[in-house]
Structures are given as structure tokens and as C-alpha cells.
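Q: I have a structure in front of me and would like to learn how to read its features one at a time. Could you take me through them, giving the general idea and then the case at hand?

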Amino acid sequence: MTLSADPIAPNPVAADTVLQQLQWRYATKKFDPSKTIPEPTWQVLEQSLVLAPSSFGLQPWKFLVVRNPELRRQIVDLSWGQTQVVDASHLVVFAAKVKTDAADVDRYIARMADVQQTSVENLQGFANMVKGFLDKPPYPLDLHEWAKRQTYIALGQFMTAAALLGVDTCPMEGFAPAKVDELLGLAGGEYASVVMCPAGYRAEDDKSAARPKVRYPLEEVISYID
């Protein structure tokens, strides 16, 4: 699925619809295993991951959609028995690049030149700036931790898109990353798992769905600096 990058939003979502869906969303504790996300809806959710923003646009991540039932059963054991892993329609494991370096910049610049129909030479100033940042960051920076933070941007976009589509999600850090990496063939490779997100449809008897959201008042969390 490809969509045009029109600078003017062709069909902006109504403000009240956005708020309604964000109120509806919650960290689903119990999914209905009989319900599957329709393929057209899932394709939109895939694109929400592909289109997620990242620092410099480098996309230092990989998203693993675990469809193998046996692997998902094993992941339950590695996530303290959280059955969302097997009951949800889809399970996405968000993995971050272990080491982002000049080769990653060159790969991205080549892709940028191709997509934007320009030459690699025209992009060298930007490429050198990014390489300089990665080689000598202007502040203390662990590049793997930096890449991990990028994956949470993608997670947020995925969950918001899901809510707008009426799909339930549950972000999960409660698992053993190193063991999941071994199970999924990531161990010792370029990427390491950071967070997981089951997606599907809530069970009718999930009591968590009816609980009011507990949030601090707006004035306590948002400040305007004029």
C-alpha cells in the first residue's frame, strides 16, 4: 500500500473523533482470540510503522510480526505468563539497531537519493553532518539507547493508528529481551528487542476496559512558556 505525500491533509480526522478514540484506547489485558484484524486494516497498521518518524530519518529499527503460534506460546513463558501474547490477533516485537554507524547513513542516503530523484553527491552535506553526530555526539550518548528511544516513537504511532482504526493494543516491556532475542534469531545480530505490542480486539469480559483512565489534570502536566 502506497499513499501520496500530499502537503495538505486530504481527509483530516475530526477533533472529537481523535479524542473519543484516545479515550477508548487502553492497555488491553485480555484479548478475544477468536477475532482477527482484517488484512486491509493490518496493512494500514504496517504502514503506520513504515511511516513512523525517527531522528535524521535513519529508522534504526526492525519490526518483527510473530505469526508462528509455537513461538508465541514460548514468548508467553518469557513474559511472565502474559497471555496477550498468544490471544491477540498480531504480535509485534520492536527491535532497535545495536550499533548505528556510517554504513547506515550511506544506506539511507542512497535510499533518499533514489526516492527523491537526486544524486548522492547532492546529499553529502547532510550525510557528513549525520556521520559527525554519530561519531562524536554533541552530548554523552549511547547509540543503542538512542536507537531504543526511536522505537518508542514508532510504538506510539502504531498504537495511535490502531486506536483510530478501533484496534486494541497493549505495549509490553515485561519480558526477557535477551531470551526473546535468542528465540527470534536476533541474538548477536544487528538488532535487539526493546518492547512488544500485541494488537487485536478486547475480550468482552476484560474488566480493565471499563475502568476510568487515571490521568493528572491538564494544568498539572502542560505548561505554556510565553
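Q: Why does Cys197 have no bond to the closest cysteine sulfur?
A: The thing to check is the distance between the two sulfur atoms, since a disulfide calls for a pair within 2.5 Å. In this predicted model, the sulfur of Cys197 is 7.1 Å from the closest cysteine sulfur, which belongs to Cys170, and that is too far for a bond. The structure as a whole holds zero disulfides.

Q: Are Cys170 and Cys197 buried or exposed?
A: Relative accessibility is the value to read here, and a residue under 20% counts as buried. Cys170 is buried, with 4% relative accessibility, and Cys197 is buried as well, with 0%.

Q: How are the strands of the sheet ordered, and in which sense do they pair?
A: Strands of a sheet pair through backbone hydrogen bonds, and the pairing can be parallel or antiparallel. Here four strands form an open sheet in the order β1-β2-β4-β3, and the pairing is antiparallel. The edges of this sheet are β1 and β3, the latter covering residues 168-169, and each of these edge strands pairs on one side only.

Q: How many bridges join β1 to β2, and which residues stand opposite each other?
A: Strand β1, made up of residues 61-65, is joined to β2 by five bridges, and the two run antiparallel. Among the facing residues, Leu64 stands opposite Val93 in β2, while Lys62 stands opposite Ala95 in that strand.

Q: What does β2 do on the side of β4?
A: Strand β2 pairs with β4, which spans residues 191-200, in the antiparallel sense over eight bridges. One of the places to look is His90, whose bridge partner in β4 is Ala199. Strand β2 itself, residues 90-97, is mostly covered, for eight of its eight residues are buried.

Q: Which helix lies across these strands, and at what angle to β4?
A: To read such a packing, one compares the direction of the helix with that of a strand. Helix α8, residues 177-184, lies across β1, β2 and β4, and runs at about 85° to β4.

Q: How many aromatic pairs are there, and how should I read one of them?
A: Two values describe a ring pair, the distance between the centres and the angle between the planes, and an angle over 60 degrees counts as edge-to-face. The count comes to seven aromatic pairs. In one of them, the rings of Phe56 and Phe133 have centres 5.1 Å apart and planes at 65°, so the pair is edge-to-face. Phe56 lies in the loop between α2 (39-50) and β1, whereas Phe133 lies in helix α6 (residues 124-135), so the pair ties together parts that are 77 residues apart in sequence. Phe56 counts as partly exposed at 24% relative accessibility, while Phe133 counts as buried at 13%.

Q: What kind of pair do Phe63 and Phe94 form?
A: Phe63 and Phe94 form an edge-to-face pair, with 5.3 Å from centre to centre and 75° between the planes. Because Phe63 lies in strand β1 and Phe94 in strand β2, this pair ties together parts that are 31 residues apart in sequence. Phe63 is partly exposed, at 21% relative accessibility, whereas Phe94 is buried, at 0%. Ring pairs also link Phe63 and Phe94 with Trp42, Trp61 and Phe158 into a cluster.

Q: Where does Lys97 lie with respect to Tyr191?
A: Lys97 lies over the face of Tyr191, at 5.7 Å from the ring centre.

How values were computed: Residues numbered from 1 in each chain as written. Predicted model: local features only at pLDDT ≥ 70, side-chain atom pairs only at ≥ 80, totals over all residues. Heavy atoms only, no water. Buried < 20%, exposed > 50% of the residue type's maximum accessible area, 1.4 Å probe, protein only. Pairing = 2+ DSSP bridges. Contact = heavy atoms within 4.5 Å. Axes fitted to C-alpha atoms, helices over the stretch in contact; angles between N-to-C directions. Phe/Tyr/Trp six-rings, centres within 6.5 Å; stacked < 30°, edge-to-face > 60°. Lys NZ or Arg CZ within 6 Å of the ring centre and 35° of its normal.
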